[in-house]
There are 2 protein chains.
Amino acid sequence: MDSRSARKHQAILDAATTVFLDKGYSGTSMDDIARLAAVSKQTVYKHFADKEKLFAEIVLATTDRVDAMVDLVADIPVDADALDENLTRLARQFLTTLTQPRVIQLRRLIIANADAFPELGAAWYEQGFERVLATLAATFRNLTDEGLLKADDAMLAAHHFAGLLLWIPVNRAMFQGAALSGGAAGAGAGAGVAAEIDRLAAAGVRAFLAAYA
Amino acid sequence: MDSRSARKHQAILDAATTVFLDKGYSGTSMDDIARLAAVSKQTVYKHFADKEKLFAEIVLATTDRVDAMVDLVADIPVDADALDENLTRLARQFLTTLTQPRVIQLRRLIIANADAFPELGAAWYEQGFERVLATLAATFRNLTDEGLLKADDAMLAAHHFAGLLLWIPVNRAMFQGAALSGGAAGAGAGAGVAAEIDRLAAAGVRAFLAAYA
């Protein structure tokens, strides 16, 4: 692909991501995407055979962003004195990332279409969701080898860590369309959100360490 | 409402539930519902002003089913010797109920439409999801008063209990369109599902009691 074509390809992907997140799969047309990308509809079809293929592409592209999360998780130092502190920092980053409105919207978009495109949902689950947890499990295995944790089933421990932290805010956001907040209906923002993240992170890590330290 | 009208009303609700779960909100027409309920479209409109009102009705009707769950949760005996066993039984029932294909489909339907109908999502979250957890919290408070648990923040403990149990199977089912299974892609059934439920229940309760007993 020459650079002009590559630029158009990227512009179409960016536009498609925006439109699919805003309007859902069935509410989105190739016309909407062409308009936002400022290209012709023929150009869209030259790059992507149909709407379904374009949808799969934008969903799986987001697993790239998971890489940053994987690096974060792989990076917990083996340090008994600072274990609590290090896990709490990780917990706060998990919570901050996964409650961003854009991430919640993406999650909702994939779930909404899991019945229509089960293979795509499964691919995202494995390449996104499970990849972070597998890395976290490797880290917990390492900390167990060093005697800092007792996580014999490290993958289970990774899921428990995630479940303790994320069950509340992710469900609240998924059902209410509201990100983390001090209040029940998502009215708070700024300082309220940060305080709630701190509270959930501290409580989740406390329960996790009671079970696994 | 006379009994004939009441029967039609219920037939429309049943048909609407089936069609919305199968086709999603935007894929469903009042015609589909009338056809399945074996009534005229005028009759549908006589009972329900529009599609949105009918959708809200069927979603909120499912919170009735939550009552059975609430009774279950309120019913944990104060018995130190059998606490582990009683919580494990509750955990198995939680897992069995919440991973039923129909429940997963309903969850997906509400989440898919949370942006379009945020008030409906919030109402379901409060009357369904949170109501079970509030009852579980009251039970944990009671067990704490009796010295069997140490759950000073009982609502948080209830969320932790749910997160430990449900994070894995609910996410797997939501993204993959597959219910609980032995294999990663949801291939197993029957005995495999029961064994996986037992494993998740035992592991979740073990971690919970380590943190809160």
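**Exercise 1. Find which residues A:Leu165 touches, leaving out those up to four places away in sequence.**

Step 1. Start with the rule for touching: two residues are in contact if their C-beta atoms, placed from the backbone, lie within 7 Å.

Step 2. Apply that rule to A:Leu165, and the partners are A:Ala91, A:Phe94, A:Leu95, A:Leu200, A:Ala201 and A:Gly204.

Step 3. Keep in mind what kind of model you are looking at. This is a predicted model, in which local features need pLDDT of at least 70, side-chain atom pairs count only at pLDDT 80 or more, and totals for chains, interfaces and linings use all residues. Residues are numbered from 1 along each chain as its sequence is written, while chains are lettered from A and ligands numbered from 1 in the order in which they are written.

Step 4. Now place A:Leu165 in the nonpolar core. A residue is buried if 20 or more other C-beta atoms lie within 10 Å of its own, exposed if 12 or fewer, and partly exposed in between, with C-beta atoms placed from the backbone. A nonpolar core is a set of buried Ala, Val, Leu, Ile, Met, Phe, Trp, Tyr and Cys residues joined through C-beta atoms within 7 Å. The largest such core has 120 residues, and A:Leu165 and B:Leu165 are those with the most contacts inside it.

**Exercise 2. Describe the fold of chain A: how many helices and strands are there?**

Step 1. Helices (H or I, at least four residues) and strands (E, at least two) are DSSP runs, numbered from the N terminus.

Step 2. By that count, chain A has 10 helices and 0 strands.

Step 3. For the overall dimensions, the C-alpha trace of chain A spans about 60 × 40 × 30 Å along its principal axes. Of its 213 residues, 38% count as buried.

Step 4. Look at the contacts in chain A with a separation of 6 or more: 61% of them join residues 24 or more positions apart.

**Exercise 3. Work out which domains make up chain A, and how they meet.**

Step 1. The bounds, which come from an automatic or database domain assignment, give domain 1 (3-48) and domain 2 (60-212).

Step 2. The C-alpha centres of these two domains of chain A lie 31 Å apart.

Step 3. Their contact takes 5 residues from domain 1 of chain A and 6 residues from domain 2 of chain A. On the domain 1 side there are 4 nonpolar, 1 polar and no charged residues. For these classes, Ala, Val, Leu, Ile, Met, Phe, Trp, Tyr, Cys and Pro count as nonpolar, Asp, Glu, Lys and Arg as charged, and the others, Gly among them, as polar.

**Exercise 4. Which residues of H1(A) are buried, and what covers them?**

Step 1. Helix H1 (residues 3-23) of chain A has 21 residues and reaches 30 Å from its first C-alpha to its last, close to the 30 Å expected at 1.5 Å a residue. The expected span is 1.5 Å times one less than the number of residues.

Step 2. The buried residues of H1(A) are A:Ile12, A:Ala15, A:Ala16, A:Thr17, A:Val19 and A:Phe20.

Step 3. Their cover includes helix H2 (30-37), helix H3 (41-47), helix H4 (51-61) and H7 of chain A.

Step 4. Follow A:Ile12 across to A:Val44, which lies in helix H3 of chain A. These two are 32 residues apart in sequence and 6.8 Å apart in space, C-alpha to C-alpha. A:Val44 is buried, with 22 other C-beta atoms within 10 Å. Beyond neighbours up to four places away, A:Val44 touches A:Ile12, A:Met30, A:Ile33, A:Ala34 and A:Val39.

**Exercise 5. Is A:Ala38 buried or exposed?**

Step 1. A:Ala38 sits in the loop between H2 and H3 of chain A.

Step 2. Because A:Ala38 has 11 C-beta neighbours inside 10 Å, A:Ala38 counts as exposed.

Step 3. Check the backbone too: phi of A:Ala38 is near 60°, a positive value in a residue other than glycine. Most residues other than glycine have a negative phi.

**Exercise 6. Describe how chain A meets chain B, and how the copies are related.**

Step 1. The contact takes 34 residues from each of chain A and chain B.

Step 2. On the chain A side, helices H7 (101-112), H8 (118-145), H9 (154-176) and H10 (191-212) each give two or more residues. H9(A) gives the largest share, 14 residues.

Step 3. Sorted by class, that side has 22 nonpolar, 9 polar and 3 charged residues.

Step 4. Chain A can be laid on chain B with an RMSD of 0.0 Å by a turn of 180° and a shift of 0.0 Å along the axis. The two copies are therefore related as by a two-fold rotation axis. The superposition is by least squares on the C-alpha atoms of residues with pLDDT of at least 70 in both.
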